[in-house]
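Me: I should like to learn how to read strands, helices and buried residues in a structure. Could you take me through them in turn?

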Amino acid sequence: MNRLSADNVTLAYDQRVIAERLSVEIPDNSFTVIVGPNACGKSTLLRALSRMLRPNEGRVLLDGQVIQSMPAKKVARTLGLLPQSSIAPDGITVGDLVGRGRYPHQGLLRQWSAEDERVVRESMARTGIGDLADRYVDELSGGQRQRVWIAMALAQQTPLLLLDEPTTYLDIQHQIDVLDLCADLHEEQGRTLVAVLHDLNHAARYATHLVALREGRVVAEGAPKEIVTAELVEEVFGLRCQVVDDPETGTPLVVPAARRARARGTAEKTEKAPETAGAGARGGAEVSESATGAS
């Protein structure tokens with residue numbers, strides 16, 4: 001059994017249901033990426049997996065236990081989370097905020113140590129913010145702040161790490177740097193990573209396991225090479241495209257159809273719609289007549 005899973009969960013905010021009877025299992029030692037269109041439930045699922053959202057029905061399991069029943073500190077030593085939007089306390093420095101990632105490892109008999117200091121320095125170095133340690137977080141750009149939050153998640157040193165859109169606010173160079181770092185954590189340290197990404201090509205390049213969601217349900221999951229097809233992209237995102245091999249990595253590369261080709265495809269669908277409706281009406285009449293005769 002894998003360490004982290006959602007079993008038949010129904011997820012909602014107040015009365016607004018986002019997903020019903022959704023089951024997902026995160027393969028151990030994988031770099032799992034969740035993709036899908038806006039408002040399909042990607043971040044909601046991640047919040048449930050991280051214990052931030054209690055399912056209305058079903059359960060989320062961590063190491064075989066219902067995650068809601070586990071002590072918060074125990075969960076925090078096992079599972080780290082980079083939320084989609086984070087707010088730092090006023091007047092806190094970068095070094096102090098990253099240091100808060102060590103909180104789950106503190107206790108009555110274990111206070112701040114040289115090991116904590118080393119982990120914080122290493123986490124800041126790996127995210128390229130070592131020279132920002134004494135700066136106030138609220139003075140930083142959006143991209144710099146994002147790297148600070150990632151450094152704090154790294155400092156937590158959990159075997160499972162969940163990241164909700166970790167490349168938000170970052171330019172293309174820093175997006176690749178962050179995803180390379182995630183890949184290193186997965187490959188070199190054996191960590192299990194779960195990330196929500198909007199860029200399907202980044203997801204296909206870096207993920208070892210892909211979960212495609214639409215309207216709160218899993219449409220497909222598996223290795224990117226096995227599931228990413230033009231048909232899947234159109235089904236999930238409504239986008240006509242070609243899928244070719246990435247010349248750098250050999251992973252699937254989604255190339256959207258040109259604007260005119262997409263417009264042509266939309267027009268063709270519109271033309272076919274009345275024919276389909278007419279056929280449906282005729283079929284309905286035939287069924288009705290048959291049913292009447294049978295009675």
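Reply: The turns below treat the sheet, a helix, some single residues and the aromatic rings. Please keep in mind that this is a predicted model.

Me: How should I read a sheet, and in what order do the four strands of the open sheet stand?

Reply: As a general idea, strands of a sheet pair through backbone hydrogen bonds, in either a parallel or an antiparallel sense. In this model, four strands make up an open sheet with the order β2-β1-β4-β5, and their pairing is antiparallel. The edges are taken by β2 (16–26) and β5, each of which has a single partner strand, so one side of each lacks a neighbour in the sheet. Helix α1 (residues 42–49) packs on this sheet, where it touches β1, β2 and β4. The direction of α1 makes about 120° with that of β1.

Me: How many bridges join β1 to β4, and which residue of β4 stands opposite Ser5?

Reply: Strand β1 (residues 4–13) and strand β4 (residues 57–62) run antiparallel and are joined by five bridges. The residue of β4 opposite Ser5 is Leu61.

Me: What links β4 to β5, and which residues are bridge partners there?

Reply: The two strands form a hairpin with two residues between them. Asp63, in the turn, has a positive phi of about 50°. Strand β5 (residues 65–66) pairs with β4 in the antiparallel sense over two bridges. Gln65 is the bridge partner of Leu62, and Val66 is that of Leu61. Leu61 therefore has a place in both pairings, as it stands opposite Ser5 and is bridged to Val66; in general, side chains in a regular strand alternate between the two faces of the sheet.

Me: How do I find the buried face of a helix, and which residues of α9 are buried?

Reply: The general idea is that an α-helix has 3.6 residues a turn, so residues three or four places apart point the same way. In helix α9 (residues 230–237), the buried residues are Leu232, Val233 and Val236. Viewed down the axis of α9, they fall within an arc of 100°, so they line one face of the helix. Among the elements that cover them are α7 (200–206), β9 (209–214), β10 (217–222) and β12 (252–256). After α9 comes Gly238, whose phi is positive, near 70°.

Me: How do I read a single residue: is Arg191 buried or exposed?

Reply: The cut-off for buried is under 20% relative accessible area. Arg191 has 8% relative accessibility, so Arg191 counts as buried. This residue lies in the loop between α6 (172–189) and β8 (192–196). Arg191 and Ser30 are 161 residues apart in sequence, yet 7.5 Å apart in space, C-alpha to C-alpha. Beyond its sequence neighbours within four places, Arg191 has contacts that include Asn29, Ser30, Leu154 and His186.

Me: Where do Ser50 and His202 lie, and what do they touch?

Reply: Ser50 is in the loop between α1 and β4, and at 8% relative accessibility Ser50 counts as buried. Apart from residues up to four places away in sequence, Ser50 touches Ile67, Leu79, Leu81 and Leu162. His202 belongs to helix α7 and is buried, with a relative accessible area of 9%. Leaving aside neighbours within four places, His202 is in contact with Ile172, Gln175, Ile176, Leu179 and Leu197.

Me: How many aromatic pairs are there, and which residue lies over the face of Tyr103?

Reply: A search of the whole structure finds zero aromatic pairs. Lys73 lies over the face of Tyr103, at 4.6 Å from the ring centre.

Notes
Residues are numbered from 1 along each chain as its sequence is written. This is a predicted model: local features need pLDDT of at least 70, side-chain atom pairs count only at pLDDT 80 or more; totals for chains, interfaces and linings use all residues. Side-chain values use heavy atoms; hydrogens and water are left out. Rings of Phe, Tyr and Trp (its six-membered ring) pair if their centres lie within 6.5 Å; planes under 30 degrees apart count as stacked, over 60 as edge-to-face and the rest as tilted. A charge sits over a ring if NZ of Lys or CZ of Arg is within 6 Å of the ring centre and within 35 degrees of the ring normal. Two strands pair if DSSP finds at least two bridges between them. Contact means heavy atoms within 4.5 Å. Axes are lines fitted to C-alpha atoms, for helices over the stretch in contact, and angles run from 0 to 180 degrees between N-to-C directions. Buried means under 20% relative accessible area, exposed over 50%, partly exposed in between (1.4 Å probe, protein chains only). The arc is that of the directions from the helix axis to the C-beta atoms.
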